[in-house]
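Hi,

Here is the structure I promised to pass on to you. Have a look at it first, and then read my notes below.

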Amino acid sequence: MKNYLSVTDIDSLPSWVDEAIELKKHPKAHKGLGENKTIVLLFFNNSLRTRLSTQKAALNLGMEVIVMNFGSEGWTLEFTDGTVMDQGKSEHVKEAAQVVSQYCDVIGIRAFANLQDKEADEAELVINGFKKHATVPILNMESSVGHPLQALADAITLAENNNKSKPKVVLSWAPHPKALPHAVANSFVEMMHLQDVDFVITHPKGYELNSKITKGATIEHDQNKALENADFVYVKNWSSYQIYGQILHQDKNWTMTLDKLGTAKFMHCLPVRRNVIVADAVLDSNQSLVIEQANNRTFAAQIALKKILENL
Ligand code: CP
């Protein structure tokens, strides 16, 4: 595998999940693989889990790690070809990507959607700009439209906690005071397409995700109906896709509670706003898998990096 940019870069999900679970038992088993190799992690946005778990994964593989908060410390980048750069942008991605490539063997990039311009977000200017001009592989640490490392960690967590041949998995929208991107929800939907699960998406009308991504999935606007007999409930906020980046409403009736959850396991990518997205009682219960999801971020990153290193 050259790059890990999307869930679709996974050639065999069952073998990746099995291998990740094996890595979890023996994290340093492949410490020689990354010897004399360096990863540079470029953060255009904040992070707790991605930043630490990806570093941990690289260290487990024996790599050197360099981290840069590009969003606050780097030069502002131009992405359009042929621009007369006489305004605010200081450096073109053509040079930046080639320069970073001189210092490392893999580049990890986090660059969120700005939620102002759907076309620009879907063009994935940052990650595609680096992919085009870098001379080393790219690892997606959450881009405008996808968060494939999170989705892989979620698949590992599901595999570890599932005891049914075809579990029911529900992705439920929840309210949030800030407009959030669609990346986590998109990649989770793509990941569910790769699984043998009874998958239902539930959200208020107006919060439909990109229909190209949800194609084939069941969408139920009645949250209670969607949650019936659920085994796993993945809760996430996202802003409107149709009225791009807007908060249409923050209906508190969609907050996840123990009553609604029933006997299902609760999942969320974190960070999570308590008693807005989900009640304390859910997060503090033994039905919550959120800490295990965060733990599995290390092994998701480690399996993705291992595949990249094996192909160098
Ligand atoms: N889930 C996730 O990506 O967390 P961070 O934003 O803290 O990295």
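**Salt bridges, domains and one threonine**

With a relative accessibility of 31%, E160 counts as partly exposed. Before I go on, please keep in mind that this is a predicted model.

Why start with E160? It has a partner: the side chains of E160 and K24 meet in a salt bridge, with N and O 2.8 Å apart. In sequence the two sit far from each other, K24 in helix α1 and E160 in helix α7 (residues 148–161), 136 residues apart. K24 is partly exposed too, at a relative accessible area of 22%. If salt bridges are new to you, the general idea is that side chains of opposite charge can pair when their charged atoms come close.

How many salt bridges does the structure hold? There are 14. Two more pairs to look up while you have the model open:

- K94 and D81 form a salt bridge through their side chains, at 4.0 Å from N to O. K94 is in helix α4 (residues 93–102) and D81 is in the loop between β3 (77–78) and β4 (91–92), so this pair ties together parts 13 residues apart in sequence. K94 is partly exposed at 33% relative accessible area, and D81 counts as partly exposed at 42%.
- K164 and D231 also meet in a salt bridge, at 2.8 Å from N to O. K164 belongs to the loop between α7 and β7 (168–173) and D231 to the loop between α10 (223–227) and β10 (232–236), so the pair ties together parts that are 67 residues apart in sequence. Here one partner, K164, is partly exposed with 44% relative accessible area, whereas D231 is buried with 18%.

You can also find a network of salt bridges, which links E19, K306, K307 and E310.

Now zoom out to the domains. The domain assignment gives domain 1 (7–146 + 294–309) and domain 2 (150–292). Their centres, taken over C-alpha atoms, are 25 Å apart. So much for the layout; how do the two meet? In domain 1, 28 residues are in contact with 33 residues of domain 2. Between them the domains bury about 2,400 Å², and 64% of that is on carbon and sulfur atoms.

The interface has polar links as well: 2 salt bridges cross it, and 15 residue pairs across it are in polar contact. On the domain 1 side, α1 (13–25), α5 (118–122) and α13 (290–310) each supply at least two of the residues that touch domain 2. Which helix gives the most to that side? The answer is α13, with 7 residues. By type, the residues on this side of domain 1 divide into 14 nonpolar, 6 polar and 8 charged.

Last stop: T54, in helix α2 (residues 49–60). Is T54 buried or exposed? T54 counts as buried, because its relative accessibility is 0%. Leaving out residues up to four places away in sequence, T54 touches L41, R49, L139, M141, L149, A301 and L305. A polar atom of the T54 side chain also lies 2.6 Å from the backbone oxygen of T50.

Have fun clicking through it!

Terms used. Residues are numbered from 1 along each chain as its sequence is written. This is a predicted model: local features need pLDDT of at least 70, side-chain atom pairs count only at pLDDT 80 or more; totals for chains, interfaces and linings use all residues. Side-chain values use heavy atoms; hydrogens and water are left out. Helices (H or I, at least four residues) and strands (E, at least two) are DSSP runs, numbered from the N terminus. Buried means under 20% relative accessible area, exposed over 50%, partly exposed in between (1.4 Å probe, protein chains only). A polar contact is a pair of N or O atoms within 3.5 Å; within protein, one must be able to donate a hydrogen and the other to accept it, and residues adjacent in sequence count only if both atoms are side-chain atoms. Contact means heavy atoms within 4.5 Å. Domain bounds come from an automatic or database domain assignment. Buried area is the accessible area (1.4 Å probe) that two parts lose on being put together, summed over both. Ala, Val, Leu, Ile, Met, Phe, Trp, Tyr, Cys and Pro count as nonpolar, Asp, Glu, Lys and Arg as charged, and the others, Gly among them, as polar.
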